[in-house]
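Here is a short report on one protein chain. It starts with the whole fold and then turns to a single residue.

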Amino acid sequence: MTDNLSASFDALLEKYADLLTGHTDAATVEKVKMWALYNHMHKTMPNLTRHWNNANPEGKAAVRALFEEVKQMNEAHRANEGDEQ
């Protein structure tokens, strides 16, 4: 992978995190990246994520908390956008 592609993709991911949550700090971008990847894996290979969840109950709980956190950030961001208009 070239440095240009990597930098460009990082900018895309940062913009996605901004549009989704209203935040672009490194921690939020990393959370959104993990959320998006897990979400995609769960939709395309549910048996894989089900197996992982069964083998890693602590990981399952952490992913669940991550999903709730991203959801709350998204809802707060959408509410703030509505207030500004």
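## The fold as a whole

Of the 85 residues of the protein, 24% count as buried. Keep in mind that this model is predicted. The protein holds 4 helices and 0 strands. Read from the N terminus, its elements run α-α-α-α. The radius of gyration is 15 Å, well over the 12 Å that the globule rule gives for 85 residues, so the protein is more spread out than a compact globule. The C-alpha trace spans about 45 × 40 × 20 Å along its principal axes.

How do the contacts run along the chain? Take those between residues at least 6 apart in sequence: 47% of them join residues at least 24 apart.

The surface comes next. About 6400 Å² is exposed, and carbon and sulfur atoms supply 56% of that area. The protein carries 9 positive and 13 negative side chains. The centres of these two sets lie 11 Å apart.

## A look at Thr21

Thr21 belongs to helix α1, which covers residues 3-21. Is Thr21 buried or exposed? Its relative accessibility is 3%, and buried means under 20%, so Thr21 counts as buried.

The side chain of Thr21 has these polar contacts:

| Side chain | Backbone partner | Distance |
|---|---|---|
| Thr21 | oxygen of Ala17 | 2.7 Å |
| Thr21 | nitrogen of His23 | 3.1 Å |

Which residues does Thr21 touch, not counting those up to four places away in sequence? They are Thr28, Val32, Met73 and His77.

Key:
Residues numbered from 1 in each chain as written. Predicted model: local features only at pLDDT ≥ 70, side-chain atom pairs only at ≥ 80, totals over all residues. Heavy atoms only, no water. Helix = DSSP H or I, 4+ residues; strand = E, 2+ residues; numbered from the N terminus. Buried < 20%, exposed > 50% of the residue type's maximum accessible area, 1.4 Å probe, protein only. Polar contact = N/O pair within 3.5 Å; in protein donor to acceptor, adjacent residues only side chain to side chain. Contact = heavy atoms within 4.5 Å. Rg over C-alpha atoms; globule rule 2.2 N^0.38 Å. Areas by Shrake-Rupley, 256 points an atom, 1.4 Å probe, with all protein chains shown as cover. Lys, Arg positive; Asp, Glu negative; His and termini not counted. Charge placed at Lys NZ, Arg CZ, Asp CG, Glu CD.
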